[in-house]
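Student: Please take me through the fold and the helix packing of this model by question and answer.

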Amino acid sequence: MLHSMSTTVEAAFDRSERSAAEVNEEIRALWRRSGGTLTTEQRAQYQRLVMEWAAMTPRSQRAA
């Protein structure tokens with residue numbers, strides 16, 4: 001299930017009920033919807049999602 005995106009990084013980090021897997025799925029869905037080319041708005045959304053994912057993912061998993 002995809003969640004609506006917040007407009008700020010701080011709000012994204014407050015969404016502690018989301019798992020890293022859920023955020024990762026939202027990243028994948030964004031790329032699927034975009035057809036592989038992100039608009040400026042989508043790029044900002046992607047960056048927020050990646051920051052959120054990285055903050056909740058152990059360093060050892062990020063390298064995998």
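The exchange below moves from the whole chain to one helix pair and then to single residues.

Tutor: This is a predicted model, in which local features need pLDDT of at least 70, side-chain atom pairs count only at pLDDT 80 or more, and totals for chains, interfaces and linings use all residues. Residues are numbered from 1 along each chain as its sequence is written, and side-chain values use heavy atoms, with hydrogens and water left out.

Student: Which pattern does the protein chain follow along the sequence?

Tutor: Helices (H or I, at least four residues) and strands (E, at least two) are DSSP runs, numbered from the N terminus. The protein chain has four helices and zero strands. Read along the sequence, the pattern is α-α-α-α.

Student: Is helix 2 roughly parallel or roughly antiparallel to helix 3?

Tutor: Axes are lines fitted to C-alpha atoms, for helices over the stretch in contact, and angles run from 0 to 180 degrees between N-to-C directions. Helix 2 (residues 20-34) packs on helix 3 (residues 40-56) at about 160°, with the axes 9 Å apart. Angles under 35 degrees count as roughly parallel, over 145 as roughly antiparallel, 65 to 115 as roughly perpendicular and the rest as oblique. Helix 2 is therefore, relative to helix 3, roughly antiparallel.

Student: Which helix gives the largest share of the largest nonpolar core?

Tutor: A nonpolar core is a set of buried Ala, Val, Leu, Ile, Met, Phe, Trp, Tyr and Cys residues joined through side-chain atoms within 4.5 Å. The largest one has five residues: Val23, Ile27, Leu30, Leu38 and Leu49. The largest share of this core, three residues, comes from helix 2.

Student: Which residues does Ile27 contact, leaving aside neighbours within four places in sequence?

Tutor: Contact means heavy atoms within 4.5 Å. Ile27 in helix 2 is among the residues that meet helix 3. With those neighbours left aside, the contacts of Ile27 are Tyr46, Leu49, Val50 and Trp53.

Student: Does Gln42 count as buried or exposed?

Tutor: Gln42 lies in helix 3 and touches Leu30, Ser34 and Thr37, not counting residues up to four places away in sequence. Buried means under 20% relative accessible area, exposed over 50%, and partly exposed in between (1.4 Å probe, protein chains only). Because its relative accessibility is 17%, Gln42 counts as buried.

Student: How far apart in space are Gln42 and Leu30, C-alpha to C-alpha?

Tutor: Gln42 touches Leu30, although the two are 12 residues apart in sequence. From C-alpha to C-alpha, their separation in space is 7.6 Å.
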